[in-house]
Amino acid sequence: MSKLGKTIESVTGFTSRIIHHDREEGFADGPVHAPIYNSVPYGYATTEALEAVFQGKATGQSYARQSTPTTDSLQSMINQAEDGLGTLVFASGMAALTATFFALLKAGDHVIVSRYLFGNTHSFLASLCEFGVEVSFVDATIADDVQAALQDNTRLVFVETIANPGTQVADLEAIGLWCEKQKLIFFVDNTITSPYMFNPKRVKASLVINSLSKYFSGHGNVLGGSVTDTGMYDWSIFPNIFEAYRKGSADKWALTQIKKKSLRDMGGALSSDSAYQIALGAETMALRMDRACSNARQLAELLEEHSKVERVYYPGLKSHPQHTQASKWFRHFGGILSFDLARGYSCATLLNDIGLVINATHLGDNRTLALPMATTIFFEMGAKNRAALGISDQMIRCSVGIEDPDDLLGAFAGALDRLAAL
Ligand SMILES: *Cc1c(COP(=O)(O)O)cnc(C)c1O
């Protein structure tokens with residue numbers, strides 16, 4: 001028992017729960033922060049004790065590619081944040097995503113995925129087709145579109161909560177209900193909302209992905225990813241669980257298979273150093289997001305009013321097609337916004353003139369980052385595909401940071417006012 005192990009009052013707030021998540025287990029000597037365990041192997045006093053760990057008869061560490069006490073502690077924090085049954089952490093969000101798809105799918109399976117996805121996820125799913133998995137890209141803001149793609153071999157539906165850069169909001173509630181009825185896995189990427197803004201389990205998500213590199217850790221200084229099993233799916237009916245993992249309670253089967261087939265065999269493990277950084281950053285997730293989302297909302301309103309801006313994409317605006325749903329489901333409207341600069345003005349000239357804003361990709365840093373879309377992230381796919389995704393040549397994406405609002409709004413307003421037509 002840890003020296004810190006007093007039983008704490010039952011706390012219900014998001015931050016109270018996550019910062020005290022490990023109080024009762026604790027670590028030897030009473031460190032207040034989980035220590036960074038950098039050992040790769042873990043030793044046992046007897047061969048029999050080591051055998052018991054390998055055979056799953058006893059819990060314990062074996063090798064850092066599967067877990068360390070530091071990554072276990074982060075898993076417990078994420079699990080608390082997502083109200084999950086169990087969580088695994090990986091070296092990046094993409095490692096978590098690819099691990100989950102590879103561990104749970106086989107050639108001949110079919111998946112339904114949102115057309116509005118993080119670019120690298122989109123690219124990965126296109127590669128997955130080469131492995132014999134059929135992928136249908138649908139408009140996930142319309143539940144009927146998702147349902148129309150159903151086949152006999154459909155195994156899962158995958159969506160993001162708020163997509164970037166267009167900020168489309170998937171029809172989470174209707175898709176969740178339908179997946180439950182069809183006995184399909186509902187797999188949700190909660191990265192842009194974070195567990196503070198949204199709990200996907202409430203719309204019956206079975207598995208939840210978070211890129212820990214974004215709002216979760218928040219400081220733009222570490223990569224990581226996680227997958228959480230919410231306990232909403234009955235794995236005993238899922239045909240792709242290997243015989244070796246069909247033991248004991250079916251609750252654990254999927255995460256065991258993902259851990260063994262992906263983390264152990266494919267190796268996208270998170271280091272203890274990174275796990276420590278992520279846990280430290282996560283302690284202020286709610287505080288950072290309150291500020292970033294409030295800044296984003298004010299900036300969206302300022303931009304929408306400005307004559308040199310043609311259109312603003314932000315779920316917090318009444319003009320957003322899913323504003324009503326977003327108000328109902330999310331605590332805030334997020335820190336990401338995009339806008340189309342009016343034709344006849346240069347995106348580069350505008351961004352070069354906003355000194356406070358850093359020209360960089362990435363989301364969820366404490367600093368405001370911005371970049372034009374058509375000439376950077378979506379350059380490779382060409383004009384035709386950009387048009388299909390609703391990405392105009394004038395679109396700028398902003399990941400709004402936690403700067404003081406007056407400074408941020410002033411910087412944008414000043415540069416827009418100075419901006420001259422081409
Ligand atoms: C960034 C991101 C990912 C990938 O996460 P990494 O940690 O950068 O690998 C996945 N999904 C979404 C929605 C993202 O924004």
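In the predicted model, H323 counts as buried because its relative accessibility is 15%, and the cut-off for a buried residue is under 20%. This histidine is placed in helix α13, which comprises residues 323-329. Beyond its neighbours within four places in sequence, H323 is in contact with P315, G316, L317, K318 and F333. One of these residues, L317, also takes part in a polar contact with the histidine: a polar atom of the H323 side chain lies 3.3 Å from the backbone oxygen of L317.

The surroundings of the ligand were examined next. A total of 13 residues are found around the ligand, and those that come nearest are G93, D189, S211, S213 and K214. Three of the nearest residues place an N or O atom beside an oxygen atom of the ligand, as follows. For G93, a backbone N or O atom is 2.8 Å from a ligand oxygen. For S211, an N or O atom of the side chain lies 2.8 Å from an oxygen atom of the ligand. For S213, the distance between a polar side-chain atom and a ligand oxygen is 2.6 Å.

On its own, the ligand has 380 Å² of accessible area, of which the protein covers 93%. Two or more residues of the shell are given by each of the helices α4 (93-104) and α9 (212-216). In terms of residue class, the shell around the ligand has six polar, four nonpolar and three charged residues.

Definitions and conventions. Residues numbered from 1 in each chain as written. Predicted model: local features only at pLDDT ≥ 70, side-chain atom pairs only at ≥ 80, totals over all residues. Heavy atoms only, no water. Helix = DSSP H or I, 4+ residues; strand = E, 2+ residues; numbered from the N terminus. Buried < 20%, exposed > 50% of the residue type's maximum accessible area, 1.4 Å probe, protein only. Polar contact = N/O pair within 3.5 Å; in protein donor to acceptor, adjacent residues only side chain to side chain. Contact = heavy atoms within 4.5 Å. Near = heavy atom within 4 Å. Areas by Shrake-Rupley, 256 points an atom, 1.4 Å probe, with all protein chains shown as cover. Nonpolar A, V, L, I, M, F, W, Y, C, P; charged D, E, K, R; others polar.
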